[in-house]
Amino acid sequence: MNAEANAAFWFQRKLVTLEYAEKWGNVSRACRTFNVSRASFYRWKKRFEDDGREGLRSRTPLAKDHPRRIPEETVQKVLELRRTYDLGPQRLVWYMERYHDTKISFGSVYRILVRHGVNRLPQKARQRTLHTKRYAKRVPGHHVQMDVKVLTLRTADGKRVRRYQYTAVDDATRVRALQVYARHSQSNAIRFFDYVVRRFPFRINTIRTDRGHEWQALFHWHVEDQGARHVYIKPRSPQLNGKVERSHRTDQEEFYQLLTYKDDVDLEKKLAAWENFYNLDRPHGAHGGRTPYEALRELLVQPESVSSG
């Protein structure tokens, strides 16, 4: 018998015992019939008189001042982060330690989520099917993935506004660069590449893109003229640029769903702040809770050893 069925059984047993005693007016007979002690009977009777039928349900014995009890303010902060940003348990652990100076275990976070009925995230996106083996470069700038996220924003009066977020992600460190434009064009792709070159603190070796119109000849030869390589991923294989695709999902969940669009100047300002936060302050799962720039520093201090042969 599982815990739920056992609790239901005892609830019914308590209720029937009390009803039997009331019907016959004989507590001793009720206790003998249902094989319960008089002490238990009077304890159940007291709970029934105080709280009605709900008082007969099983209670979890936990002292209010238990030395290992998680403080209520910690519980509420975990729930606030979960409901606002849809963070998973591990990321909640990192955020609590980094931004709220509170150490809490993965298990404790998970139990809080279960207890409050928010342990399952909303199904906002289908699970991606992997067609190829995942990989990760160890040299900053060796591969930089680029892609465009199409944005549909709404003004205060409900008018729809279409904008285009150009995104670059370094494969090794996950350092990102972001810009938003009103048009989806090769000229903006070129402007974005020049921005990425200025923004990234390392030399770019290769740019990887899909075969979208914004990445065609004008963009391709501009990249080559700047001393970098531009390669296309295989058709119908977005998973080959999976890191930038996944980062767009993070943008949607942690930035755009909280954004109120006012105008392009305000959007650019907020996107720049989000870029800085992502690179410098946001714990990243690929780096065990470290930020992209912390991972970059580690790679620069301890470069990958190359065996001679």
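**Entry 1: the nonpolar core.** I looked up the largest nonpolar core, taken as a set of buried Ala, Val, Leu, Ile, Met, Phe, Trp, Tyr and Cys residues joined through side-chain atoms within 4.5 Å. It has 24 residues, and Met146, Phe200 and Phe219 touch the most other members. Strand 1, strand 2, strand 3, helix 7 and helix 8 each give two or more residues to this core. Helix 7 gives the most, with six residues. Buried here means under 20% relative accessible area, exposed over 50%, and partly exposed in between (1.4 Å probe, protein chains only). Helices (H or I, at least four residues) and strands (E, at least two) are DSSP runs, numbered from the N terminus.

The model is predicted, with local features needing pLDDT of at least 70 and side-chain atom pairs pLDDT 80 or more, while totals for chains, interfaces and linings use all residues. Residues are numbered from 1 along each chain as its sequence is written, and side-chain values use heavy atoms, without hydrogens and water.

**Entry 2: Met146.** I listed the contacts of Met146 (heavy atoms within 4.5 Å). Setting aside residues up to four places away in sequence, Met146 touches, among others, Phe192, Phe193, Val196, Trp215 and Phe219.

**Entry 3: helix 7.** I checked the length of helix 7 (residues 186–199), where the expected span is 1.5 Å times one less than the number of residues. Its 14 residues should span 20 Å, and the end C-alpha atoms are 20 Å apart, which agrees. Its buried residues are Asn188, Ala189, Ile190, Phe192, Phe193, Tyr195 and Val196. These pack against strands 1, 2, 3 and 4 as well as helix 8 and helix 10.

**Entry 4: helices 4 and 6.** I examined the axes, which are lines fitted to C-alpha atoms over the stretch in contact, with angles from 0 to 180 degrees between N-to-C directions. The axes of helix 4 (residues 72–85) and helix 6 (residues 106–115) come within 10 Å and cross at roughly 75 degrees. The two helices are therefore roughly perpendicular (65 to 115 degrees). Val75, Val78, Leu79 and Arg82 of helix 4 meet Val109, Ile112, Leu113 and Arg115 of helix 6.

**Entry 5: two single residues.** I located Thr155 in the loop between strand 1 and strand 2. Thr155 counts as buried because its relative accessibility is 19%. Beyond four places in sequence, Thr155 is in contact with Val161 and Tyr261. Arg29 lies in helix 2 (residues 27–34) and is partly exposed, at 33% relative accessible area. With neighbours within four places left aside, Arg29 is in contact with Tyr20 and Trp24.

Methods: Angles under 35 degrees count as roughly parallel, over 145 as roughly antiparallel, 65 to 115 as roughly perpendicular and the rest as oblique.
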